[in-house]
Amino acid sequence: MKRRISLLTLVVGDYDEAIAFFTSKLSFSLIADEAQGRKRWVVVAPEGGPGILLARASDAKQETAIGNQTGGRVAFFLETDDFARDHADMLTQGITFLEEPRHESYGIVAQWQDPWGNKWDLLQPA
C-alpha cells in the first residue's frame, strides 16, 4: 500500500495575509483558492512539497490555536538544497530567525517563526 501526506492544515487569522506571506516571502505557489460559502479552500506549497491548507479560524477556540498549534514545539520543517541561499533570502524578506544556523549530524538547521508565531526549522540535510 502506497501512502503519503498530501496536505497539512495551518490555522490563520486571514486568508489573504497568509497567502501573501507564503507566496511573497517564501516563494510558495498558490495551488488553490476556491470559495466555499463562508470559507475558502486555500492551498500553498513549496516546489515539490506537500501542500499547506490555510484554514481561517472560525471560532474563539480556533483563534487560540493560531501560532501555537503544537504547544510551542517546531511545527513545520522547510527543507532546502542550499541553506545559505535560502537563509539569506529569508532574512532579506524579514523572516524572524530564533537562532543562528547550526551544524548538526543530520545537517544545517535554524529555527524561525512565521508571522503568527508558529515555529519552523529551515533544514539542509547532511
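Colleague: Let's start with two rings, phenylalanine 22 and tryptophan 116: are they buried or exposed?
Modeller: Both phenylalanine 22 and tryptophan 116 are buried in this predicted model. The word buried is used here because the relative accessible area is under 20%.

Colleague: How many aromatic pairs does the whole structure hold?
Modeller: Searching the whole structure turns up 7 aromatic pairs. One of them joins phenylalanine 21 and phenylalanine 22, with 5.1 Å between the ring centres and 80° between the planes.

Colleague: Why is the pair of phenylalanine 21 and phenylalanine 22 called edge-to-face?
Modeller: Two steps get us there. The centres must lie within 6.5 Å for rings to pair, and these are 5.1 Å apart. Planes over 60 degrees apart count as edge-to-face, and here the angle is 80°. Both tests are met, so the name edge-to-face fits. Phenylalanine 21 is also buried, like phenylalanine 22.

Colleague: Then what makes the pair of phenylalanine 22 and tryptophan 116 stacked?
Modeller: Try the two tests again! The centres are 6.1 Å apart, and the limit is 6.5 Å. The planes meet at 15°, while stacked asks for under 30 degrees. The pair is therefore stacked.

Colleague: What parts of the chain does that pair tie together?
Modeller: Phenylalanine 22 sits in helix H1 (residues 15–25), and tryptophan 116 sits in the loop between strand S8 (107–113) and strand S9 (119–125). The pair therefore ties together parts that lie 94 residues apart in sequence.

Colleague: Which residues do the ring pairs link into a cluster?
Modeller: The cluster is made of Phe21, Phe22, Phe28, Phe76, Trp112, Trp116 and Trp120.

Colleague: Now the domains: where are their bounds?
Modeller: Domain 1 covers 1–66 and domain 2 covers 74–125. Their centres, taken over C-alpha atoms, are 19 Å apart. In the contact, domain 1 takes part with 15 residues and domain 2 with 12 residues.

Colleague: What area do domain 1 and domain 2 bury between them?
Modeller: About 1,100 Å², and 76% of that is on carbon and sulfur atoms. On the side of domain 1, Leu10, Phe21 and Lys25 supply 41% of the area buried against domain 2, more than any other three residues.

Colleague: How many salt bridges and polar contacts are counted between domain 1 and domain 2?
Modeller: The salt bridge count is 0. For polar contact, the count is 1 residue pair.

Colleague: Which elements give two or more residues to the side of domain 1 that touches domain 2?
Modeller: Strand S1 (7–12) and H1 do. H1 gives the most, with 6 residues.

Colleague: How do you know whether histidine 87 is buried or exposed?
Modeller: Its relative accessible area is 13%. Buried means under 20%, so histidine 87 is buried. Histidine 87 is found in helix H3 (residues 83–92). Leaving aside neighbours within four places in sequence, histidine 87 is in contact with Phe97, Pro101 and Leu122.

Colleague: And why is glutamine 124 called partly exposed?
Modeller: Partly exposed covers the range between 20% and 50%. Glutamine 124 has a value of 23%, so it belongs there. Glutamine 124 lies in strand S9.

Colleague: What makes the side chain of glutamine 124 and the backbone nitrogen of phenylalanine 83 a polar contact?
Modeller: The distance limit is 3.5 Å, and the side chain reaches that nitrogen at 2.7 Å. The C-alpha atoms of these two residues are 5.6 Å apart, although 41 residues separate them along the chain.

Colleague: How do you know that arginine 40 and aspartate 33 form a salt bridge?
Modeller: Side chains of opposite charge can pair when their charged atoms come close. The cut-off is 4 Å, and the closest N and O atoms of arginine 40 and aspartate 33 are 2.8 Å apart. Arginine 40, at 23%, is partly exposed, and aspartate 33, at 35%, is partly exposed too. Asp16, Asp33 and Arg40 are linked in a network of salt bridges.

Colleague: Why is aspartate 81 called exposed, and arginine 85 partly exposed?
Modeller: Exposed means over 50%, and aspartate 81 has 63%, so it is exposed. Arginine 85 has 43%, so it counts as partly exposed. The two form a salt bridge, with their closest N and O atoms 2.9 Å apart.

Technical notes
Residues are numbered from 1 along each chain as its sequence is written. This is a predicted model: local features need pLDDT of at least 70, side-chain atom pairs count only at pLDDT 80 or more; totals for chains, interfaces and linings use all residues. Side-chain values use heavy atoms; hydrogens and water are left out. Rings of Phe, Tyr and Trp (its six-membered ring) pair if their centres lie within 6.5 Å; planes under 30 degrees apart count as stacked, over 60 as edge-to-face and the rest as tilted. Buried means under 20% relative accessible area, exposed over 50%, partly exposed in between (1.4 Å probe, protein chains only). Helices (H or I, at least four residues) and strands (E, at least two) are DSSP runs, numbered from the N terminus. Domain bounds come from an automatic or database domain assignment. Contact means heavy atoms within 4.5 Å. Buried area is the accessible area (1.4 Å probe) that two parts lose on being put together, summed over both. A salt bridge is a side-chain nitrogen of Lys or Arg within 4 Å of a carboxyl oxygen of Asp or Glu. A polar contact is a pair of N or O atoms within 3.5 Å; within protein, one must be able to donate a hydrogen and the other to accept it, and residues adjacent in sequence count only if both atoms are side-chain atoms.
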